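Here are a few short exercises to work through with the model open. Try each task before you read its solution.

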Amino acid sequence: MTMESSSTELAASLKPRHVAMIAIGGIIGAGLFVGSSTAIVMVGPAVIFSYLLAGLLVILVMRMISEMAVAQPGVTAFPDFARSGLGDWAGFVTGWLYWYFWVVVVAIEAIAGAAILQLWMPGFEVWQIGIVLLAVGTGINLLTTGSYGEAEFWLSSMKIAAIVVFLAIAAAFAFGLTAPDGPTFSNLVDHGGFAPMGWAAVLAGITTVIFSMTGAEIVVVAAAESEDPARTTSTITGTVIVRILLFYVLSIILIVSVIPWRDVVSGLSPFATALDGMHIPYAGTIMNAVVLVAVFSCLNSGMYVTSRVLFSLAARGEAPQALVAINRRGVPARSILIGSLFGYVALAASVVSPGLVFNFLVSASGALMVVIYMLLGFAQLRVRARVEREAPERLTVRMWFHPWGSLFAIAGMIGVLVAMALVPGLTSQFYASMFTVAVVVAAYLLRRSILARRQQTPAADSIQP
């Protein structure tokens with residue numbers, strides 16, 4: 001009995017609650033629980049504004065995606081949003097850049113989760129634990145899409161519960177209900193002022209913060225496997241907006257309120273530091289467990305995204321046709337295994353050459369989401385103009401302040417890229433990422449050239465002397 005199905009249609013088995021939690025699964029990972037420490041150290045308490053501005057850019061992008069999804073009911077594959085506005089080249093470039101970004105994220109999250117588990121299992125190496133985490137994530141994704149959605153629902157629910165509990169504990173402390181010396185909001189200004197590094201640092205901080213917020217667009221990928229993709233996308237993107245503001249901004253406000261920002265150490269969870277500062281017992285162990293759930297959830301979502309994007313590229317003929325195959329459970333098993341294989345390769349690189357190969361893989365993905373978001377912004381402007389001409393009744397969800405909202409988002413993304421090119425610590429990421437973009441663009445041009453020659457060959461052969 002064959003394991004492959006003749007169908008090339010993904011199963012529409014995800015429920016709205018699954019899609020909502022999958023989106024959160026992509027947003028809330030090590031970037032929030034650990035990576036936020038780097039931003040706080042770089043900026044100080046004014047990092048609150050870095051998160052607000054970065055969140056605003058992501059929110060605008062999500063609104064643009066929502067408008068395009070509702071206005072074009074037949075467009076469900078993530079790369080096709082860029083394709084519909086800018087042409088095949090944009091679909092190809094966006095799809096492959098997005099796939100590469102997420103397979104690197106999968107490897108990073110596997111290493112982060114393995115490092116935490118090694119604290120409790122010192123007899124094993126990080127790479128050994130990482131292999132197990134990748135294998136478990138692969139196994140979950142090879143099950144039915146509904147099973148994956150259910151697993152991600154509960155993993156994301158655990159993350160949300162942890163953040164809600166933290167917000168409650170920190171708020172009680174900050175307002176003086178549990179703090180021995182009363183309210184602690186003076187920490188916002190008592191240690192060098194609210195913006196000790198200057199307001200320019202607030203803008204520079206956006207370059208670090210925005211990468212921890214990327215992932216909300218996973219809702220578009222997951223919505224394609226729901227019963228009503230367009231409606232699901234437009235509904236869920238609204239809730240994502242609220243959750244970004246709640247989980248990220250409010251968490252950061254409370255962290256820099258309950259403890260002096262100078263107590264935060266880059267690379268260590270500021271959540272754990274804040275809990276220690278509030279004298280919560282076993283704070284480190286608690287946060288390690290939460291971070292472990294968060295990174296595995298993000299790994300799980302990353303594997304899901306890479307397989308669906310690769311599947312959509314193959315369906316367009318922009319990846320090997322064998323990857324279009326769907327197994328009996330309605331999942332693109334071959335695309336899942338390809339993404340998993342790349343994760344193992346990256347994990348091996350982190351062991352064999354952590355200072356060169358793996359660092360390059362990570363650096364070469366650093367600015368890719370900003371490039372992708374920028375392309376989506378340009379695509380939305382083109383799609384909006386076309387829909388207004390041909391079918392204005394489809395614009396039931398509209399981008400705010402059109403076209404200025406879209407232009408502001410595009411300008412913001414360009415600003416982030418320029419800042420990355422100028423900020424010393426981020427320059428290598430910028431140029432490595434641009435190298436990745438150049439490789440993908442070159443691949444598209446090569447593919448187009450090959451297809452053009454194939455089309456011309458029969459015509460040339462038919463001409464007889």
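**Exercise 1: two helix pairs**

α16 and α17 are roughly antiparallel to each other (an angle over 145 degrees). Before going on, a word on the source: this is a predicted model, where local features need pLDDT of at least 70 and side-chain atom pairs count only at pLDDT 80 or more, while totals for chains, interfaces and linings use all residues. Residues are numbered from 1 along each chain as its sequence is written, and side-chain values use heavy atoms, with hydrogens and water left out.

Task: at what angle do α16 and α17 cross, and what is the handedness of the crossing of α5 and α6?

Solution.
- Step 1. Two packed helices are described by the angle between their axes and the distance between the axes.
- Step 2. Take α16 (368-390) and α17 (404-422): their axes cross at roughly 155° and come within 9 Å. Axes here are lines fitted to C-alpha atoms, for helices over the stretch in contact, with angles from 0 to 180 degrees between N-to-C directions.
- Step 3. The crossing of α16 and α17 is left-handed, meaning the near helix is turned anticlockwise from the far one by less than a right angle (right-handed if clockwise).
- Step 4. Now α5 (residues 79-86) and α6: they pack at about 155°, axes 6 Å apart, and are therefore roughly antiparallel. The crossing of α5 and α6 is right-handed.

**Exercise 2: loops with something odd**

Task: which peptide bond is cis, and where does its proline lie? Then find out whether His279 and Tyr282 are buried or exposed.

Solution.
- Step 1. The cis bond joins His402 and Pro403, with omega about 0°. Pro403 sits in the loop between α16 and α17.
- Step 2. Move to the loop between α12 and α13, where you'll find His279. Its phi is near 60°, a positive value in a residue other than glycine.
- Step 3. Tyr282 lies in the loop between α12 and α13, and phi of Tyr282 is also near 60°.
- Step 4. His279 counts as exposed because its relative accessibility is 67%, and Tyr282 counts as exposed at 68%. The cut-offs are under 20% relative accessible area for buried, over 50% for exposed, and partly exposed in between (1.4 Å probe, protein chains only).

**Exercise 3: far in sequence**

Task: how far apart in space are the C-alpha atoms of Tyr304 and Thr145, and of Pro196 and Pro45?

Solution.
- Step 1. Tyr304 is in helix α13 and counts as buried because its relative accessibility is 1%.
- Step 2. Tyr304 and Thr145 are 159 residues apart along the chain, yet their C-alpha atoms are separated by 9.0 Å.
- Step 3. Pro196, in the loop between α8 (145-174) and α9, counts as partly exposed at 24%. Pro196 and Pro45 are 151 residues apart in sequence and 8.0 Å apart, C-alpha to C-alpha.

**Exercise 4: the largest pocket**

Task: which helix gives the most to the lining of the largest pocket?

Solution.
- Step 1. The lining has 45 residues, with Ala30, Gly31, Val34, Gly35 and Ile108 nearest the pocket's centre.
- Step 2. Elements giving two or more residues to the lining include α1 (16-27), α9 (199-213) and α13 (283-315).
- Step 3. α6 gives the most, with nine residues.

How values were computed. 1 Å grid on protein atoms, 1.4 Å probe; cavity = no way out; pocket = protein on both sides within 12 Å on 5 of 7 lines; lining within 4 Å. Helix = DSSP H or I, 4+ residues; strand = E, 2+ residues; numbered from the N terminus. Parallel < 35°, antiparallel > 145°, perpendicular 65-115°, else oblique.
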